[in-house]
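Me: Please take a close look at the salt bridges in this model. I would like to know where the partners sit and how accessible they are.

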Amino acid sequence: MAIGVFDSGVGGLTVHRELTRRFPDRDFVYLADQANAPYGGRAGEEIVDLTRAGCERLFEAGANVIVLACNTASAIALRRLQQTWVPEARARHGRPVNVLGIIVPTIEAATGLPWTYEAERRGDKIEALEITGVFCTAATAMSRVYEIEIDKRREDLAVFSEPCPGLAGLIELGAPAEELTVVVNDHVDTLRRRIGRHPDKAILGCTHYEIVADLFAAALPPGTPVIHQPTAVADALDRYFDRHPEYALGGSGRRDFLTSGQPGPQSDLVSQFWGAPLTFDRA
């Protein structure tokens, strides 16, 4: 059995790369739904249907634990799938299977608190607020998942999401660094103007953005802490497998890369990020 990693496109490779470093002997199957990417501007039901179809394809390919390496899918589809579809999939496939997201580990990393923690409401005014900026897709911003879940745990953290429509698509297409720099700088400055100052720390709330993390770091004030989702997700998955020994994972180190879009080599931008040319097979 393998670990499946799903994303609308190539952004999830940022999480996939960290997971393969953490679990080098495990088998992995990566699926990019490039025929329908990006997800950020799609309607909620569409995102749920596409995510379900991608997870089913990964189960068929031998995955028994799937990581949704996509903030939009995690924010919009994950709870529905876990509550209504995963139990049926377990029965149908006759083995333990599950779908996990990346927002819970990110919020744990951002707050320094476990997901199960919920703060007591004090009611008094908090004088010093730490501001966290979340750069994300329009769908993730509209879900307000980061604002809601971080506030449950830390009243002293104020969250501002900055939707970056089109950025994931540009990264997916391998846009030149000069074009991406202009877009990233514009969104960082837009958030600064909305808040009145730069955020104290930032979350790259779309796995595509991790590919251009250096551009965000350059646009933010020097030394601004950035929460990196790949590390947070790898830490969380390590803990998950410790709690769930029922998942027998393959140990041959297999790496499969599938796409619903055009199979073949990926863009130069992806190859540079990955560290080597990368070719996808047809899903």
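Reply: A salt bridge here is a side-chain nitrogen of Lys or Arg within 4 Å of a carboxyl oxygen of Asp or Glu. The model is predicted, so local features need pLDDT of at least 70 and side-chain atom pairs count only at pLDDT 80 or more, while totals for chains, interfaces and linings use all residues. Residues are numbered from 1 along each chain as its sequence is written, and side-chain values use heavy atoms, with hydrogens and water left out. Side chains of opposite charge can pair when their charged atoms come close.

By this rule the model has 18 salt bridges. Three of the pairs are described below, beginning with one inside a helix.

Glu18 and Arg22 form a salt bridge through their side chains, with an N to O distance of 3.8 Å. Both residues belong to helix H1, which spans residues 13-22 (helices are DSSP runs of H or I with at least four residues, and are numbered from the N terminus). Because Glu18 and Arg22 are four residues apart in that helix, about one helical turn separates them. Glu18 is buried at 16% relative accessibility, and Arg22 is partly exposed at 27% (buried is under 20% relative accessible area, exposed is over 50%, and partly exposed lies in between, with a 1.4 Å probe and protein chains only).

The next pair is Glu45 and Arg80, whose closest N and O atoms are 2.9 Å apart. This salt bridge links distant parts of the chain: Glu45 lies in helix H2 (residues 44-60) and Arg80 in helix H4 (residues 78-93), 35 residues apart. Glu45 is partly exposed, since its relative accessibility is 45%. Arg80 also falls in the partly exposed class, because its relative accessible area is 34%.

Arg239 and Glu108 make another salt bridge, and their closest N and O atoms are 3.3 Å apart. Here too distant parts of the chain are linked, as Arg239 is in helix H11 (residues 229-243) and Glu108 is in helix H5 (residues 103-111), with their positions 131 residues apart. Arg239 has a relative accessible area of 41%, which means that this residue is partly exposed.

Salt bridges can also share partners in this model: one network formed in that way joins Glu18, Arg21, Arg22 and Asp235. The Glu18 and Arg22 pair of helix H1 is therefore part of a wider set that includes Arg21 and Asp235.

Notes. Helix = DSSP H or I, 4+ residues; strand = E, 2+ residues; numbered from the N terminus.
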